[in-house]
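Hi everyone, thanks for coming along. I'd like to walk you through one structure today, so have a look at the sequence and the model first.

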Amino acid sequence: RQWNVQGLPVDNFSIENGVITSVTNRWPLFIDPQGQANAWIRQLEISNSLEMVSMTDANYLRKLKTCIRFGQPVLMEGIQETLDMALDPLLMKQTIQKGNTLYLYIGGEQIEYNMSFKLYMTTNLANPHYMPETAVKVTLINFMITEEGLREQILGKTVLLEKPELEKMKNKLIIEGAENTRRLKELENKILHVLTSSKGSILDDETAVNVLTSSKKLSNEIQQKQLAAKETEVEIDQARQVYVPVSRCATSMFMTITQLEKVDPMYQYSLDWYKIG
């Protein structure tokens, strides 16, 4: 839900892509002709001082080294069908450990490798052809927009224009719901810790009893809030249904005009242009 608030489309296909991004062992390379992944990553890592670089930038390798040292996330944009061979040690994560410190040899220099470093790559090519030796070094993730995802995005934009209070309330409920779920998980872990660490009869441990009592009370309050939020969200979704035909029609139009480039390459339209238009 937090990813959705940060710009990740709400359809299952996009959410699966988000999960893959978060757990993959290789750096992700997004096939992203509509810029969906790019926009999401920018919001996802905005609090971590995300650095944007391009391989056409003469100083991109120097910027990359700085980010690797300090554990700063990097978004490499405009990737083409070939990657700079200088990136191979980074893509293959060929780190060397000396004592308690990791090092990486890249660009003719051995630099300290910070485990907090993250690398994201995006290409705006709709149908890139990557050679096998390139594909095995990264995790290719297809982020081309789906009809379901676009319908939900246009629906949200339409409701935001027509009934802004509804869309703002829905986003607020999503954030609060995610936070309440996190707090419930923390409470469960806290209760389990108390039960496993308590010696003898737990009824004789006054501190443990107090912790369990307060945790149970707080848990009930959160669950009641969750139930009330779900009821409110159902009401909001029912009100949003009025604008569903608009989103369906707009989605069909976009999917149609994207096919025009097959008639002539000059007929190419971006999703951002379409939304603004």
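Let me start at a pair of residues: Lys98 has Thr101 in β5 as its bridge partner. Please keep in mind throughout that this is a predicted model. The hairpin here is made by β4 and β5, with two residues between the strands, and in it Gly99 takes a positive phi near 70 degrees. Moving along the same two strands, Gln97 stands opposite Leu102 in β5. Taken as a whole, β4 and strand β5, residues 101-106, are joined by four bridges and pair in the antiparallel sense.

Now zoom out a little. What is the order of the strands in the open sheet that these two belong to? There are three strands, running β4-β5-β6, and the pairing is antiparallel. At the edges sit β4 (95-98) and β6 (109-112), each of which pairs on one side only. From one strand to the next, the twist averages 35 degrees. A helix packs on this sheet as well: α4, residues 60-70, touches β5 and β6, and its direction makes about 35 degrees with that of β6.

On to the other sheet. This open sheet has five strands in the order β2-β3-β7-β1-β8, and here the pairing is parallel. Why is one side of β2 and of β8 left without a neighbour in the sheet? Because β2 (51-54) and β8 (139-142) stand at the edges, and each has a single partner strand. On average, neighbouring strands of this sheet are turned by 25 degrees against each other, direction ignored.

If you look at the β2 edge, you'll find four bridges joining β2 to strand β3, residues 74-77, and the two run parallel. Within that pairing, Ser54 stands opposite Glu77 in β3.

Two helices to point out on this sheet. Helix α2, residues 12-23, lies across β1 (28-31), β7 (119-123) and β8, and runs at about 160 degrees to β8. Helix α3, residues 36-44, lies across β1, β2, β3 and β7, and its angle to β3 is about 160 degrees.

While we're at α3, a word on aromatics. How many aromatic pairs does the model have? The count comes to seven. One of them is formed by Trp3 and Trp40, an edge-to-face pair at 5.6 Å centre to centre, with 75 degrees between the planes. Trp3 lies in helix α1 (residues 2-5) and Trp40 in helix α3, so this pair ties together parts that are 37 residues apart in sequence.

Let's turn to how the helices pack against one another. We describe two packed helices by the angle between their axes and the distance between the axes.

Begin with α7, residues 147-162, and α10, residues 244-257: their axes come within 8 Å and cross at roughly 130 degrees. The two are therefore oblique to each other, and their crossing is right-handed. On the α7 side the contact takes in Glu147, Leu150, Arg151, Ile154, Leu155 and Thr158, and these meet α10 residues including Val246, Arg248, Phe254 and Met255. By class, this contact has eight nonpolar, three polar and three charged residues.

Helix α7 also packs with α8, at an angle of about 125 degrees and with the axes 5 Å apart. That angle makes α7 oblique to α8. Who meets whom? Gly156, Val159, Leu160, Leu161 and Glu162 in α7 meet Pro164, Leu166 and Glu167 in α8. The classes here are five nonpolar, one polar and two charged residues.

Finally, α8 and α9. Helix α8 covers residues 164-197 and helix α9 covers residues 206-240; their axes come within 9 Å and cross at roughly 155 degrees. Angles over 145 degrees count as roughly antiparallel, so that is how α8 stands to α9. The crossing of α8 and α9 is left-handed. The residues of this contact divide into 16 nonpolar, eight polar and eight charged.

That's my tour. Thanks for listening, and I'm happy to go back to any of these views.

Methods. Residues numbered from 1 in each chain as written. Predicted model: local features only at pLDDT ≥ 70, side-chain atom pairs only at ≥ 80, totals over all residues. Heavy atoms only, no water. Pairing = 2+ DSSP bridges. Axes fitted to C-alpha atoms, helices over the stretch in contact; angles between N-to-C directions. Contact = heavy atoms within 4.5 Å. Parallel < 35°, antiparallel > 145°, perpendicular 65-115°, else oblique. Left-handed = near helix turned anticlockwise from the far one by under 90°. Nonpolar A, V, L, I, M, F, W, Y, C, P; charged D, E, K, R; others polar. Phe/Tyr/Trp six-rings, centres within 6.5 Å; stacked < 30°, edge-to-face > 60°.
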